[in-house]
Amino acid sequence: MVVTVNGEPKEVVATTIPALLEELEYEGAFLVVAINHDVVQRRRWDEVALKAGDRIEIVTPRQGG
């Protein structure tokens with residue numbers, strides 16, 4: 001299915017957030033994920049089913065000044 005990740009269309013097979021993060025090779029414990037402009041709490045990542053056309057934002061915090 002095709003979803004948009006951080007503004008770019010991606011063909012993925014993942015149907016959950018953890019599977020998507022693994023498929024896209026995201027690593028680390030400090031990630032925030034929003035689907036269609038709604039932030040998904042980490043404890044619900046396994047419950048939320050991804051659908052074709054979803055707009056997904058994956059944000060990693062960065063330090064800076």
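**Strand pairing and the nonpolar core**

Let me begin with one residue: Thr 4 is buried, its relative accessible area being 16%, which falls below the 20% cut-off. Please bear in mind throughout that the model is predicted.

Thr 4 belongs to strand S1. Which residues does Thr 4 contact, once its neighbours within four places in sequence are set aside? They are Pro 9, Asp 54, Arg 55 and Ile 56. The strand pairing places two of these names. Pro 9 is the bridge partner of Thr 4 in S2, and in S5 Thr 4 stands opposite Arg 55.

I turn to the strands themselves. S1 and S2, the latter comprising residues 8–11, run antiparallel and are joined by four bridges. Together S1 and S2 form a hairpin, with two residues between them. In that turn, Asn 6 has a positive phi of about 50 degrees. S1 also pairs with S5; here the strands run parallel, and two bridges join them. S5 is further joined to S3, by four bridges, and that pair is antiparallel.

S5 therefore deserves a closer look, and a general point helps. In a regular strand, side chains alternate between the two faces of the sheet. In S5, Ile 56 and Ile 58 make up the covered face, while Arg 55, Glu 57 and Val 59 make up the uncovered one.

The covered residues lead us to the core. The largest nonpolar core has 16 residues. Ile 56 and Ile 58 are among those with the most contacts inside it, together with Ile 17, Val 33, Ile 35 and Trp 45. Which elements give two or more residues to this core? They are strand S1 (2–5), helix H1 (17–23), strand S3 (32–35) and strand S5 (55–59). H1 supplies the largest share, namely three residues.

Ile 35 illustrates the packing. Apart from neighbours within four places in sequence, Ile 35 is in contact with Ile 17, Val 40, Val 48, Leu 50, Asp 54, Arg 55 and Ile 56. Ile 17 and Ile 56 in that list are also among the core residues with the most contacts.

Finally, the surface. Val 32, in strand S3, has Val 59 as its bridge partner in S5. Is Val 32 buried, exposed or partly exposed? Val 32 is partly exposed, because its relative accessible area is 41%, between the 20% and 50% limits. Val 32 and Val 59 join Val 39 in a nonpolar patch on the surface, and the three together have about 250 Å² of accessible area. Val 59, as noted, lies on the uncovered face of S5.

Terms used:
Residues numbered from 1 in each chain as written. Predicted model: local features only at pLDDT ≥ 70, side-chain atom pairs only at ≥ 80, totals over all residues. Heavy atoms only, no water. Core = buried A, V, L, I, M, F, W, Y, C linked by side-chain atoms within 4.5 Å. Buried < 20%, exposed > 50% of the residue type's maximum accessible area, 1.4 Å probe, protein only. Contact = heavy atoms within 4.5 Å. Patch = residues over 30% accessible without salt bridge, like charges linked within 9 Å, V, L, I, M, F, W, Y side chains within 5 Å. Areas by Shrake-Rupley, 256 points an atom, 1.4 Å probe, with all protein chains shown as cover. Salt bridge = Lys/Arg side-chain N within 4 Å of Asp/Glu carboxyl O. Pairing = 2+ DSSP bridges.
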